[in-house]
Amino acid sequence: MTDVLGLGMTHYPMLLGPDAHMAGLLRRTLRDPDIPADKKDPANWSERARREWAADQGVEAAARHRAELLAHLERCRAELDAFRPDVVVVWGDDQYENFREEVIPPFCVLAYDDTVVEPFGVLRRLKMPNVWDLPDDTTYTMRGMPEFAKKLASDVLAAGLDCAYSYELRKGIHFPHSFANTQVFLDYDDVGSRFPYPMVPIALNCYGEHVIARRGGMATFAEIGPEENLDPPGPSPARCYELGRAVGRSVAASGKRVALVASSSWSHAFLNDKDWHLRPDTEADQRLYDAMVAGDHDAWTRTTTREIVGAGQHEMLNWFCLLGAVAELGLRLQWSELTVTEIFNSNKAFAAYR
């Protein structure tokens, strides 16, 4: 009998590394010579930022941040285990990983069979150790459900939404970290190796105009330049919401117990150009969080692509999909949290819908 659980969580890569590295993205930003010196001076930061940065450049605050995130992730895993899904469908961003210059689909269902995943691939790119002190080439298996994935893609296409599908991972890359980290963070003690549920990833082009232009990531202001050569936009927030509704209709007819997961942090400092990549846009995040808690989906669907990009909220498109699905299925918000930070790159939201 069909039943659906909705979850929202983060896949924050720095949670894979030690506390001493958790503010590493900010430290990198502070080395950008094109950011005005007064903006980089902690004396001019907010009270929250100065408290988190302190005298140790965020190491003590990182331990507190980690503890809070892990507590919320444990709640997500408890919700998942109590629900006992047949399959977990995850909306996540492909950050110049599986999809690059050859093709950038707006949406893509990854109809993969069981896949060997290297969870520390993203850490290699960031030149960071892992917090478990495991070998760099550690792997786990992500179980797949390709026939379910193919039916899901078929239903979404029949609903009039242009959705790609993929049967095979790009060679020579780590598995897209939004999905790899989702499994790790829901099985943190065992680094994803004992996660029992099959996973069907749906990759979104969340980075849109920046996916190729900034290689889906951090760029200095010199690299951005005064006339950045932008890419075409990604799918609009409203379109992502409609994709979620279509996925909701498909799983409602599946006869399975399905967990739907939005995996992303909210605004990202390194995408928040107006604040010099130094802090996330907490004000924009709080507005959407308050609307989500109030059940005001109109506030979400009225949000424009320009507003999303301007706030560095690119990856939140995954959450627009989740909200579309819960609206279609009549799920209600049972629990949510918003973890706010000024120095650890992004605010993180968590939610459970039943």
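This short talk covers the internal spaces, the cysteines and two loop residues of one structure.

Good morning, colleagues. Please keep in mind throughout that the model is predicted.

I begin with the cavities. How many cavities of 30 Å³ or more does the count give? The count comes to five. The largest cavity holds about 190 Å³ of space. Its lining consists of 19 residues, and those lying nearest the centre are Pro 13, Leu 25, Gln 95, His 177 and Phe 270. Which helix supplies the largest share of this lining? That is helix H5, residues 121-126, with three residues. By class, the lining of the largest cavity has nine nonpolar, eight polar and two charged residues.

The second largest cavity contains about 80 Å³ of space. It is lined by 13 residues, and Cys 206, Gly 234, Thr 305, Val 309 and Leu 317 are the closest to its centre. Here helix H12, residues 305-310, gives the most to the lining, again with three residues. Eight residues of this lining are nonpolar, four are polar and one is charged.

Next, the largest pocket. Its volume is about 250 Å³. Of the 14 residues that line the pocket, Lys 39, Trp 45, Asp 275, Leu 278 and Arg 279 lie nearest its centre. The lining of this pocket divides into six nonpolar, two polar and six charged residues. I would ask you to remember Arg 279, one of the residues nearest the pocket centre, as the name will return.

I turn now to the cysteines. A disulfide is a covalent bond between the sulfur atoms of two cysteines. How many disulfides does the model contain? The count is zero. Two cysteines illustrate this result. For Cys 76, the nearest cysteine sulfur belongs to Cys 321 and is 17 Å away, and Cys 76 is in no disulfide. Cys 76 counts as buried because its relative accessibility is 0%. Cys 108 is likewise in no disulfide, and the nearest cysteine sulfur, that of Cys 163, is 6.5 Å away. A disulfide requires the two sulfur atoms to be within 2.5 Å, and the separation of 6.5 Å for Cys 108 does not meet that limit. With a relative accessible area of 1%, Cys 108 is buried.

Finally, I would like to present two residues that lie in loops. The first is Thr 138, in the loop between H5 and strand E5, which spans 140-142. Is Thr 138 buried or exposed? Thr 138 is buried, because its relative accessible area is 17% and the cut-off for buried is under 20%. A polar atom of the Thr 138 side chain lies 2.7 Å from the backbone oxygen of Pro 135. Beyond residues up to four places away in sequence, Thr 138 touches Val 117, Glu 118, Pro 119 and Phe 120.

The second residue is Gly 312, which lies in the loop between H12 and helix H13, residues 317-329. Gly 312 counts as buried because its relative accessibility is 0%. Setting aside neighbours within four places in sequence, Gly 312 is in contact with Trp 266, Ser 267, His 268, Leu 271 and Asn 272. Here Arg 279 returns: the C-alpha atoms of Gly 312 and Arg 279 are separated by 9.9 Å, while the two residues are 33 residues apart along the chain.

To close, the model has five cavities of 30 Å³ or more and zero disulfides. Thank you for your attention.

Methods: Residues are numbered from 1 along each chain as its sequence is written. This is a predicted model: local features need pLDDT of at least 70, side-chain atom pairs count only at pLDDT 80 or more; totals for chains, interfaces and linings use all residues. Side-chain values use heavy atoms; hydrogens and water are left out. On a 1 Å grid over the protein atoms alone, a cavity is a set of points where a 1.4 Å probe fits but cannot get out, and a pocket is an open set with protein on both sides within 12 Å along at least five of seven lines; lining residues have an atom within 4 Å of a point. Grid points are joined across faces, edges and corners, and a volume is the space filled by probe spheres set on the points. Helices (H or I, at least four residues) and strands (E, at least two) are DSSP runs, numbered from the N terminus. Ala, Val, Leu, Ile, Met, Phe, Trp, Tyr, Cys and Pro count as nonpolar, Asp, Glu, Lys and Arg as charged, and the others, Gly among them, as polar. Buried means under 20% relative accessible area, exposed over 50%, partly exposed in between (1.4 Å probe, protein chains only). A polar contact is a pair of N or O atoms within 3.5 Å; within protein, one must be able to donate a hydrogen and the other to accept it, and residues adjacent in sequence count only if both atoms are side-chain atoms. Contact means heavy atoms within 4.5 Å.
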